[in-house]
Amino acid sequence: MRKLTVVLLTAFFMAVSVVPSMAQSKVGVINLDDALVKTRLGKSAMSQLKRKFQSREKQLSAQESRLKTLREELSKSGILSDKAKREKATQFESQLQQFMNARNAFQQEFQAEQKRLLDPIVAKMQKAVDDYARQKGFDLILEARSVPYYKSELDITDKVIKLVDR
């Protein structure tokens, strides 16, 4: 029992001695998503993605609308014969499968292109964050979405955007 008390007291005093040193640490917060899309390179990459995939996105949206219409017709097909209902159901299932395949292919292609375009920008941004932190003496930079609250003075997002845009 005495050993446990000594261990607990030692742990307590060690923790108390660390708190003041943490209070003197310089901490910053960055919103990486905002920074990424607000840099010139990020805006350009997002514009390229939009141009490349906009028409396919519209096609998928139209295809989805047709499926909704077909599903409504199927649910209101009380006056159709059983054979006609089965044909409509088969038609719906076939079109649904085509849509799902097209949507999945679109998402995979979009994600691959997004990664190809954004990975070099993310790497450049990471270097800018590292450089900024070293220059300004930061001990810790946190991602904004992982912090429930922080003072706006801690936000370095705009400063990093300027560094990346240089």
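Here is a short tour of the structure, stop by stop, with something to select at each one.

**Stop 1: the whole chain**

Start with everything shown. You're looking at a predicted model of a protein with 166 residues, of which 23% count as buried. Its exposed surface comes to about 12300 Å², and carbon and sulfur atoms supply 56% of that.

Now switch to a cartoon view. You should find five helices and two strands. Follow the chain along its sequence and they come in the pattern α-β-α-α-α-β-α. Contacts often reach far along the chain: among those between residues at least 6 apart in sequence, 83% join residues at least 24 apart.

**Stop 2: colour by confidence**

Next, colour by pLDDT. The protein averages 86, and 85% of the residues score at least 70. Where is confidence lowest, and where is it highest? Select residues 2-23 for the low end: that's helix H1, with a mean of 48. Then pick residues 27-30, strand E1, for the high end at 96.

Zoom in on residues 4-9, where the pLDDT is below 50. Beyond near neighbours in sequence, this stretch has zero contacts in the model. A word of caution for this stop: where pLDDT is low, predicted coordinates shouldn't be read in detail.

**Stop 3: the H3 and H4 pair**

Select residues 40-75 for helix H3 and residues 82-136 for helix H4. How are these two arranged, parallel or antiparallel? Their axes sit 10 Å apart and the packing angle is about 170 degrees. An angle over 145 degrees counts as roughly antiparallel, so that is the label for H3 and H4. Show the side chains where H3 meets H4: the residues of this contact divide into 20 nonpolar, 12 charged and seven polar.

**Stop 4: helix H5 and what covers it**

Move on to residues 157-165, helix H5. Which of its residues are buried? Highlight Thr157, Val160, Ile161, Leu163, Val164 and Asp165. Now bring back the surroundings: the cover over these buried residues includes E1, helix H2 (32-38), H3 and H4.

**Stop 5: threonine 157**

Finish by centring on threonine 157, which lies in H5. Why does it count as buried? Its relative accessible area is 5%, and buried means under 20%. Show what touches threonine 157, leaving aside neighbours within four places in sequence, and you'll have Val29, Ile30, Asn31, Asp34 and Ala35. Two of those names should look familiar from Stop 2: E1 covers residues 27-30, and Val29 and Ile30 are among the contacts here.

Methods: Residues are numbered from 1 along each chain as its sequence is written. This is a predicted model: local features need pLDDT of at least 70, side-chain atom pairs count only at pLDDT 80 or more; totals for chains, interfaces and linings use all residues. Side-chain values use heavy atoms; hydrogens and water are left out. Axes are lines fitted to C-alpha atoms, for helices over the stretch in contact, and angles run from 0 to 180 degrees between N-to-C directions. Helices (H or I, at least four residues) and strands (E, at least two) are DSSP runs, numbered from the N terminus. Angles under 35 degrees count as roughly parallel, over 145 as roughly antiparallel, 65 to 115 as roughly perpendicular and the rest as oblique. Ala, Val, Leu, Ile, Met, Phe, Trp, Tyr, Cys and Pro count as nonpolar, Asp, Glu, Lys and Arg as charged, and the others, Gly among them, as polar. pLDDT is the predictor's confidence in each residue, from 0 to 100. Contact means heavy atoms within 4.5 Å. Buried means under 20% relative accessible area, exposed over 50%, partly exposed in between (1.4 Å probe, protein chains only). Accessible areas come from the Shrake-Rupley method with a 1.4 Å probe; for residues, only the protein chains shown count as cover.
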